[in-house]
Amino acid sequence: MSHQMNAKDSVSRRAFVERCARAAFGLSILPLVKGSAALAAPQNAAANSNAALPGFGRAKNIIWLRLSGGLSHIDTFDPKTGEAQGPAKAVGTKAGFQLTEFLPKTVGVADKICVIRSMTAKVGVHAQAAYLMRTAYEQRGTVVHPAMGAWCQHYLGPSHQTLPSSVCINQPSRHGNGFFPATYSPLPILDPEEGLQNSAAASGSERTAARLSLANELDQDFRQHFPDENVKAYNDFYDNTLRLMRSSELKAFDLSNETEKLRDDYGRNKFGQGCLLARRLVQVGVRFIEVESGGWDMHDDLEDRMTDKGNEFDSAFAALVADLDAQGLLDTTLVAVTTEFGRKPNFDGGGRGHHPICFSTVLAGGGVKRGHVHGASNATGYEPADKPMTIGSFHATIGHAAGLPLTKEVVSPSGRPFTVGNKAQPALEVFA
Amino acid sequence: MKKQLLFRPLLVLSAFLLCFGPAQAQNRKNKVTNRVMQAQRRQRMQEMQRPQAQPQNQAGGNRRGNGSKNRRGRRDEATPTSARISAPVKQVLTVAPDALPLVQSTLKVADAAAKIDALVLERLGEAKQKPNALTSDEQFLRRVYLDAAGRIPTRDEVTDFLSNSAPDKRAQIIDALLLSQDYRSQSFNWLADMLRVKDRINKGGPTFTYQEWLKERITKNSPWNETVYKMMTAEGRLITNGAAGYLLRDPGMPLDNLSGTLTTFLGANVACAQCHDHPLAPWTQKQFYEMAAFFGDVDTSVVKGNGIAKRIIKQSDSFDEKDKKMLVALATVNASAVKIVPRKKLAFPKDYKYDNAKPGELVHPALFTWDESDKKSAAYNVDTNDPDKRRQAFATWLTNPDNPRFAVAIANRLWQKNFGLAVQEPISDLDDLNKASNPQLLVHLGAEMKRLNFDLREFQRVLFNSKTYQRQANITPDLSKGPYLFPGPLLRRMTAEQAWDSVLTLAAGSGLNYYQLKRVEALQPLVIAGDELSLKMIEDKAKSLKPQDLKGLGPNALNYETIDGKKAPPPRFVGMILARASELEQPSKESHFLRMFGESDREIADDSSREGGIPQVLMLMNGDVQRVIGNSDALALKSAALQPTKERQIESLYLSFLGRMPNASEKTKVLNALTQGLELPELTWVLFNTREFIFVQ
C-alpha cells in the first residue's frame, strides 16, 4: 500500500487510474479495485459529515464562469465612492445592494444572485492566480491539481451515460483533470458556434461505422493476444465516441436550435454564446461547465474596455441567470463568477493594477441565497472588512453545494493528500 | 460527401512530397560519403538483397528515373505540380552525416547484454517464472524503431530487414538506428519531457539556445554527467549560453528548481521536504535547505521586460508607447540570465517550525547522504566551504560517477523508456534501492553506466541487444501481486511524439528528418554584445533595429534549415507544420495532434500521457492527421497504389502501418471490404484506427 501511495510512475499511475475508473466517463468494464479501496468512487454522499448542513448537495449542475485577467471588483460588484471610484457610478438594485452602471442588466437579476465582496488571496500573477482560483491550490512543479468538475466526477460518478461530465468552453481543457485520469478531463469546446471539435456530422455515419467495424475485425488477433487494460480502455473510448456521435444529445452542442431572440439576449460573442451553450448542456445533464472570457486585465483604458467587456459579461450573465430561473433550473444549478484577482483601488483615470488582497466573486442558484451580499470590503475596496473568504473556502462552499465530502482526502499518484478546497471551511451562511 | 472531404487529394500535399524529395537524394549521397564503416557495410548488404526480396518494389521503383518514367504521363494529367514527383524512392534509414562512431566492439556489447540477461533470468528463476519467447523479426523491428528512432519503420525498411539473412542483423539494425538522424530526434523528445522544455517560461526570453544546445549535446553524444554538470553550473545570458536554460526553467523559484534537480537526476524523493519534513521519506526540510544553499547566490528571477521598456520610454526622446513591444522583446531576449549575486545567501523560511534551525537563520550548504557509508565515496570529496564555488561543488558531487544515485537514476530512466517500466518504480524515488524489482540488476545497470562513461547511446545499445529487450511483450502487470521481473518488455501505447513522427513517416517516408528547427540564428539581430547589460545598451540597440529583426521572435517564427543546409520551411498541411515533433514549437498548442495524444505541457517533469479520451478518439477518427495519411500523395498510400494487384496493395499498406504482412484471413477481410466499396485511402483510416497501430509490442 505505501509502495503504491508513493508511486508516481506509469504503472502505479495506471493503478490509480484504475481505482478512479469506475467514476470515469463510460469506463464500465475495467476490473474492480485491486488491493485498496481507499479511492473507490463514487463515494456515498450520505456518509458525509456535512450532509445535514444547509445547502448540501443542492447544486446538481455547476456553471463556472472564468473572467481571465482580473475583474475590477470596484467597477462591477463592489462600488466605492471617493478616490477609489472608477468611471461608473453606483446604482441601486431591488435586492438592496448596489452595483455599477457597467452592469445594467445584472442590476435586473440582482435579486437572484449572491455577491461575495470579501474574497482574499496572495497571488497577483496571472497564470498562478488563475491556477489557484481554478484548483484552490498553489501551482507547483511536481503535481497538477484538479478543477471542481473533476472532483465532482470523482466523488459523484459520471453525470451522463454518453455525454462527458465536464465541458470547458472557449478554452482548452488545461489540466482540468489534475492528477485524476484523463477520462476526467473536461471536453473542450473552443468555439461555441462550432460545437464539438472533430465531430463533423458524417463521422457518425454508416460509412464510419463500417470502417470502424473492419478495424475491429482486423484488430481481433491483436486484442486477443494482448488483453491489456489500456488496450481495453481504448476499445471503450472508441465505443463511447461512436455512441456519442450517434446520440441525440449531441444536438445539445448545436446552438442553432435556440431562438434568434435568446441568442441575441446572451450576446453574439463567444462568451455570450458559451453561456447559452452551458445552459443547453445543463439541460441534457452535463454536470460541470466552465466558460471562459478573456480580456479583463485592464491596466489601461479601463473605461472603454469596461464598456465593451462589461457589456459582454453583463448581457450573458444576466441572460443566463434569468433563463435558468425561467426554466426552473436555477435552484439546482449553481452559477459561479470567478476571476484571477481584483484590481487596485487607486484609479488614475487610465486603469488599475492587480489586486489579490480583495476582490469579488458571485454565486447564483444551486441553493444559495437570492439577493444577498456575503462579506464586505473596507471603504476603498483595498481589503476585506467582514467575513474574509479565501479561495479554498470558495471552493469548499461550491463543493458543499455539490454534495462533495470536503474532509475526505485523495492521495495523488505522487503520494500526497488533497481535498476539495484545500481543507478550508465552506461559508454556510450563503445558503438559503 | 464526407469521404471526399477526408481523402480529396490536395495540391498542398503534392507540394509537400516534393519538399521532402531532396532528403531522399541526400540519403543516397550519404551512402557514399558516410565514413561510418559499420553502417555503410550494412547498407550495402541491404542494397544487394533488394531485388529478389522485394518484388513489389520493382513497381515502386528502386531507381528514381525508372519509376518516374512510368508514372509521368498520368500524373501530368492529374495535377501539373505533381508531375515532378517521381515514383516513391526507396525509403531507408538516414545515417546522420556527422554521427560519431560507436565505441564498443560488437563482442563487448554482446557480452554486456548477456550479463543483463543473466541477472534477469536469475531473478525470474528465483520467482519460478519463465522468460517470454523471443520476438518475431517484425515485432522486434517495429519496437526498436520506435524506441531508438522514435518512429515506425517504412515499408522498405521492413522488407529490407525481413529479407536480410545475416545472423547478426538485429545488432546491425540497432547500430544503424543509433547512428541515424532519427535517434537524435527521439532523444530530444525524451529529454524535453524530462526537463520540461518550453519555448518560453513566463515572460522570459525564448529558450531556443537551450534547445539547440541540448540537441547539440545529443548530436555529439556528449556524456550525460558532463551535460548535467554544465546545466548546474551555467552562468550568464541565455541568449549566448544555452546551458543556462536549465536553471532558468523555474525563474525566481530556485527551491522548485532544486527539488526538480534532485528528483530527476538522483531519484531523491524530496518534493515534500521543500515545505516540511517528509512524512515517509528520509528527507528533512533542513536537509533540503542545506542542498538549496549551494545555489544561494544564484539569481534566476524573471526580467521585467515591461519595466525596462517603460523606463526607456520615459527617459528617452527616441521612443514612445508604440515601440514598447519591441523594447520588451529586446530586454527579455538579452536580460534572461543566470546571475551570481555574491552577497545573496539562503536563509531558513519565516515559517520554519523545527528545532534544528531558526527562521531567517542563514543556511550552511551540506551534501546529503542516503547511507552512512556514502560519505566515504569519492563523490563527497569536494570542498563545500568555498563560498565562490558552491555550485561547482554541488555539481561535482551530483555528477560524480561515484555519487550514490546519479548513474543508477539515469540507467533506471533509460530502462523505463525502453522496457515500459523501470527496474525501480517510481523513477522519482530511488531513496531505497532495495525496493527495486531486481536490486542486483539495478546496481549492475548503474555500474554499466559508469563503465560506459555516461554514454547514453552505448548504454541503450547494450539494452537493445539484450535478449530481455528482444523478448515478447507482456500486458500491464498487476504490481499489487508482486514486482514485475521482466520476462520481456511491456506492451505500451506509443508516445505522442512516436505517433506524430510515425504519421510523418507514413506521409513522407524516411525523408521526415529533412527539416530541422534552427531558431537561434534568427535571434542574432537582437543580441547585444557584452556581459553587463545596461539600459543604455538596450536603448542603443533599439535605435539600430529594423522591423524585420524581430521576426525571429514571433510565435510562428519556426525557422528551418534542411539537412543539406538550405533555408527552407517544411510544408504545411491544413495548418499543421509537417516536421518531426522535435522540430516543432515546444510544447505544441493544446489543439495539436501531439498534445491531444499526450505530449506533456511541460509544466511537470515526465508528464507525458499515454491515456486516451473522447476528444482524442474523435481526433483519431476525424482529425487532420487522417487527411495527411489518407491523401493520395502520402507516401505509404502512394506506394501501395502503385502495386499491380489489390492483394499487393493491401500487403504494402500492412507493411507500412503495422510493419508486417497481413495473414490470409486479414487479406480476405480487406479484399471483401474493397469489393464492397471500401476505397484504398480508407484502408489507411482503418489501419490507423486499430489498437495494433498505436500500441508497441
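**Entry 1: B:I116**

I looked up B:I116 and found this residue in helix 6 of chain B, which runs over residues 106–126; the model is a predicted one. I then asked whether B:I116 is buried or exposed. I count B:I116 as buried because 22 other C-beta atoms lie within 10 Å, where 20 or more are needed. Leaving aside residues up to four places away in sequence, I noted that B:I116 touches B:V462, B:S466 and B:T468. I also looked up B:I116 against B:E647, and these two are 531 residues apart in sequence and, from C-alpha to C-alpha, 43 Å apart in space.

**Entry 2: the contact of chains A and B**

I next turned to the contact, to which chain A gives 57 residues and chain B gives 51 residues. On the side of chain A that touches chain B, I find at least two residues from each of helix 2 (10–21), strand 6 (187–189), helix 6 (206–225) and helix 7 (229–246) of chain A. Helix 6 of chain A supplies the largest share of that side, with 11 residues. By residue class, I recorded 26 nonpolar, 19 polar and 12 charged residues on the side of chain A that touches chain B.

**Entry 3: helix 10 of chain A**

I checked the length of helix 10 of chain A (residues 302–326), whose 25 residues should span 36 Å at 1.5 Å a residue; the end C-alpha atoms are 34 Å apart, so the two values agree. Where does helix 10 of chain A bend? I place the bend, of about 25 degrees, at A:G310. Just after helix 10 of chain A, I noted that A:G328 has a positive phi of about 75 degrees.

Notes: Residues are numbered from 1 along each chain as its sequence is written. Chains are lettered from A and ligands numbered from 1 in the order in which they are written. This is a predicted model: local features need pLDDT of at least 70, side-chain atom pairs count only at pLDDT 80 or more; totals for chains, interfaces and linings use all residues. Two residues are in contact if their C-beta atoms, placed from the backbone, lie within 7 Å. Helices (H or I, at least four residues) and strands (E, at least two) are DSSP runs, numbered from the N terminus. Ala, Val, Leu, Ile, Met, Phe, Trp, Tyr, Cys and Pro count as nonpolar, Asp, Glu, Lys and Arg as charged, and the others, Gly among them, as polar. The expected span of a helix is 1.5 Å times one less than its number of residues. The bend at a residue is the angle between axes fitted to the seven residues ending there and the seven starting there. A residue is buried if 20 or more other C-beta atoms lie within 10 Å of its own, exposed if 12 or fewer, and partly exposed in between; C-beta atoms are placed from the backbone.
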